[in-house]
Amino acid sequence: MGKKRSAAAASLDEAQSSRDQEPKRSKRPSEMRVSLKALTNEQLEARWRDLADEVREAQAKQQNIRLATTPGRSRLDPVPKDRARTHAMNAVQKAEQAYLEAQGEWESRGNRIPLNFNPPRLSQR
């Protein structure tokens with residue numbers, strides 16, 4: 001026969017099932033895979049603006065992590081700090097790549113940058 005379940009295990013299952021019903025966080029624009037060529041100019045511009053905002057947010061988060069952590073040199077200390085820096089750097093690169101792809105598609109259609117558009121500052125490579 002099977003084991004009897006404790007009250008704590010039963011409550012954990014209930015908590016997990018209620019958590020599964022909660023809406024998951026929405027994907028960031030750089031995580032959404034879409035065909036840029038299939039988008040209309042209005043949709044492409046909206047995506048481009050969303051990606052510009054995401055790049056700014058990722059760069060700000062990366063800067064906060066850089067200032068809050070110092071790279072460690074000891075044997076045990078550097079792992080979490082370096083991991084946070086790496087994750088932040090990867091998020092910035094992913095957002096910048098998606099932004100540049102949208103910008104390239106926008107320019108390949110012969111469109112100009114809108115006057116009220118505030119492009120992010122991209123990192124130098």
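Colleague: Which residues are linked in a network of salt bridges?
Modeller: Lys 37, Glu 105 and Arg 109 are. A salt bridge here is a side-chain nitrogen of Lys or Arg within 4 Å of a carboxyl oxygen of Asp or Glu. Bear in mind that this is a predicted model, where local features need pLDDT of at least 70 and side-chain atom pairs count only at pLDDT 80 or more, while totals for chains, interfaces and linings use all residues. Residues are numbered from 1 along each chain as its sequence is written, and side-chain values use heavy atoms, with hydrogens and water left out.

Colleague: OK, what's the N to O distance for Lys 37 and Glu 105?
Modeller: For that pair it is 3.3 Å. The two residues come from distant parts of the chain, 68 residues apart: Lys 37 is in the loop between α1 (7-21) and α2, and Glu 105 is in helix α3. Helices are DSSP runs of H or I with at least four residues, numbered from the N terminus.

Colleague: And how far apart are the closest N and O atoms of Glu 105 and Arg 109?
Modeller: They are 2.9 Å apart.

Colleague: Is Glu 105 buried or exposed?
Modeller: Glu 105 is buried, with a relative accessible area of 10%. Its partner Lys 37 is exposed at 67%, and Arg 109 is partly exposed at 26%. The cut-offs are under 20% for buried and over 50% for exposed, with partly exposed in between (1.4 Å probe, protein chains only).

Colleague: How many salt bridges does the structure hold?
Modeller: It holds 4. One of them joins Arg 56 and Asp 53, with the closest N and O atoms 2.7 Å apart. Both residues sit in helix α2, 3 residues apart, which is about one turn of the helix. Each is partly exposed: Arg 56 has a relative accessible area of 28%, and Asp 53 has 37%.

Colleague: New topic! Which residues have the most contacts inside the largest nonpolar core?
Modeller: They are Leu 44, Trp 48, Leu 51, Tyr 99, Ala 102 and Phe 117, in a core of 13 residues. The elements giving two or more residues to this core are α2 (41-68) and α3 (78-108). Such a core is a set of buried Ala, Val, Leu, Ile, Met, Phe, Trp, Tyr and Cys residues joined through side-chain atoms within 4.5 Å.

Colleague: What does Ala 102 touch?
Modeller: Setting aside residues up to four places away in sequence, Ala 102 touches Leu 36, Leu 44, Trp 48 and Leu 51. A contact needs heavy atoms within 4.5 Å.

Colleague: What about Gln 62, where does that lie?
Modeller: Gln 62 lies in helix α2 and is buried, at 12% relative accessible area. Beyond its neighbours within four places in sequence, Gln 62 is in contact with Ala 88, Met 89 and Val 92. Its C-alpha atom is 8.5 Å from that of Ala 91, although the two residues are 29 residues apart along the chain.

Colleague: And Lys 61, buried or exposed?
Modeller: Lys 61 is exposed, with a relative accessible area of 56%. Lys 61 is in helix α2 too, and its C-alpha atom is separated by 7.0 Å from that of Ala 88, 27 residues away along the chain.

Colleague: Last one: which residues lie nearest the centre of the largest pocket?
Modeller: Of the 15 lining residues, those are Arg 28, Glu 57, Ala 58, Lys 61 and Ala 91. Helix α2 gives the most to the lining, with 8 residues. On a 1 Å grid over the protein atoms alone, a pocket is an open set of points where a 1.4 Å probe fits, with protein on both sides within 12 Å along at least five of seven lines, and lining residues have an atom within 4 Å of a point.
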